[in-house]
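Biologist: I keep hearing words like "buried" and "edge-to-face" and never know where they come from. Can we go through this one together?

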Amino acid sequence: MRLVRFHAHGGPEVLRVEEAEVPTPGPGQLLVRAEAIGVNFADTKIRAGAAGIFVRPLPFGPTGDVVGSVAAVGPGVTGFTVGDRVAALVAENAYADYALVDAAWAALVPSGLDAASATALPMLAPVAIGVLHAGRVTAGDTVLIQSAAGGVGHLAVQITKLLGAKAIGVVGSPAKADFVRSLGADDVITADAEWPTVDVVLDAVGGSSLTRGLDTLAPLGRAVIYGAASGEIPAVPARSLFGLRSLTGFGITTLREARPDEARADIARATRLIADGKLRVAQHAAFPLSDVAMAHQVLDDRANLGRVLLIP
Ligand SMILES: NC(=O)c1ccc[n+]([C@@H]2O[C@H](COP(=O)([O-])OP(=O)(O)OC[C@H]3O[C@@H](n4cnc5c(N)ncnc54)[C@H](OP(=O)(O)O)[C@@H]3O)[C@@H](O)[C@H]2O)c1
């Protein structure tokens, strides 16, 4: 089978399509024949050799949101049979014809759901739900959503509206504004504009964006940090919190470990919202596995409106 890995850090050109043996599922695992793979921004950081949370041993095969059919079931797995259509976040070697999936976190794909939408079931949509939950967003709140056109961001905008809150999307370039408005955002601003006072800030950019976001919160406001696209995780000035503000964080892996029932409930909720057509997963582009470098280039360029896919 084909497997994408990189042996040195660098630009998208370091991604190589290699030949590899089809892996055998171990205890608790499923072997999935991939139909589509959602490409995540964090893997561009891992590929580029960013520090901290992005460090992985080399060679490395990127993570990804794999949708496909179960080709083999590992020992001890119950609840899945060969042929089931599933979606899962794969922690390594996800860009491939076949991937090994942790059965404990595989989501069954509702019949008839398109592959692009299904790639959001295990991670993007549960993260969007999770960050809004962490920010204790309720009807009437005003929520400032960073990277609002991105994979997680474009879903967070829509879920904010479903919660009855006001969504203000922040985008890196004006070209993304119409897309974010089409998702139902009440307002869209560019990152360099003046930010309004809000109840909740959702931030996966880090750096000065986070400190600025904290200062823009109303009394009793909440900031949620769940990523560091800028590559910087700032020391938070405690004085910002004296205004009755709070800062909290979200990480899907930690949620799965600490509150597995809640993490599963978020996947179930995401599945219902997407299957019912209440939450729309926008597909920006789909590339064949051989054009994996182009898929990463789109994310490097901060050009994506929604999801970028690989099709094996
Ligand atoms: N905590 C978790 O469990 C979890 C899970 C999944 C993802 N994440 C994080 O969530 C974020 C979104 O992930 P995604 O895959 O959906 O990516 P994405 O939002 O589609 O892409 C990242 C976006 O971040 C913005 N960005 C990129 N580089 C930046 C920089 N240097 N400074 C400021 N903004 C920059 C860009 O939007 P603009 O150009 O519009 O600013 C870019 O499009 C990532 O930070 C990711 O690591 C966290």
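Modeller: Sure. A charge sits over a ring if NZ of Lys or CZ of Arg is within 6 Å of the ring centre and within 35 degrees of the ring normal. Keep in mind that this is a predicted model.

Biologist: So what makes Arg 264 count as sitting over the ring of Trp 105?

Modeller: The charged end of Arg 264 is 4.1 Å from the centre of that ring, and the cut-off is 6 Å. Arg 212 does the like with Trp 195, at 3.8 Å from the ring centre.

Biologist: Why is the pair of Phe 6 and Phe 60 called edge-to-face?

Modeller: A pair of aromatic rings is described by the distance of the centres and the angle of the planes. The centres of Phe 6 and Phe 60 are 6.0 Å apart, with 65° between the planes. Pairing needs centres within 6.5 Å, and planes over 60 degrees apart count as edge-to-face, so the name fits. The structure holds 1 aromatic pair.

Biologist: What makes this pair a tie between parts of the chain?

Modeller: Phe 6 is in the loop between β1 and β2, while Phe 60 is in the loop between α1 and β4, so the pair links parts 54 residues apart in sequence. Both Phe 6 and Phe 60 are buried, too.

Biologist: How do you know whether Pro 12 is buried or exposed?

Modeller: Its relative accessible area is 8%, and buried means under 20%, so Pro 12 is buried. You'll find Pro 12 in the loop between β1 and β2. Leaving aside neighbours within four places in sequence, Pro 12 is in contact with Arg 47, Ala 293, His 296, Gln 297 and Asp 300.

Biologist: Now the largest nonpolar core. Which residues touch the most other members?

Modeller: Val 180 and Leu 202, out of 53 residues in that core. Several elements give two or more residues to the core, including β8, α5 and β11, and the largest share, 8 residues, comes from α3.

Biologist: How do you know where this core lies relative to domain 1 and domain 2?

Modeller: Domain 1 and domain 2 both contribute residues to the core, so it lies between them. Apart from this core there is another, of 34 residues, with Val 32, Phe 60, Phe 80 and Val 101 among them.

Biologist: And what does Val 180 touch, leaving aside its neighbours within four places in sequence?

Modeller: Val 180 is in contact with Ala 148, Ala 149, Val 157, Gly 169, Val 171, Ala 185 and Val 188.

Terms used:
Residues are numbered from 1 along each chain as its sequence is written. This is a predicted model: local features need pLDDT of at least 70, side-chain atom pairs count only at pLDDT 80 or more; totals for chains, interfaces and linings use all residues. Side-chain values use heavy atoms; hydrogens and water are left out. A nonpolar core is a set of buried Ala, Val, Leu, Ile, Met, Phe, Trp, Tyr and Cys residues joined through side-chain atoms within 4.5 Å. Buried means under 20% relative accessible area, exposed over 50%, partly exposed in between (1.4 Å probe, protein chains only). Helices (H or I, at least four residues) and strands (E, at least two) are DSSP runs, numbered from the N terminus. Domain bounds come from an automatic or database domain assignment. Contact means heavy atoms within 4.5 Å. Rings of Phe, Tyr and Trp (its six-membered ring) pair if their centres lie within 6.5 Å; planes under 30 degrees apart count as stacked, over 60 as edge-to-face and the rest as tilted.
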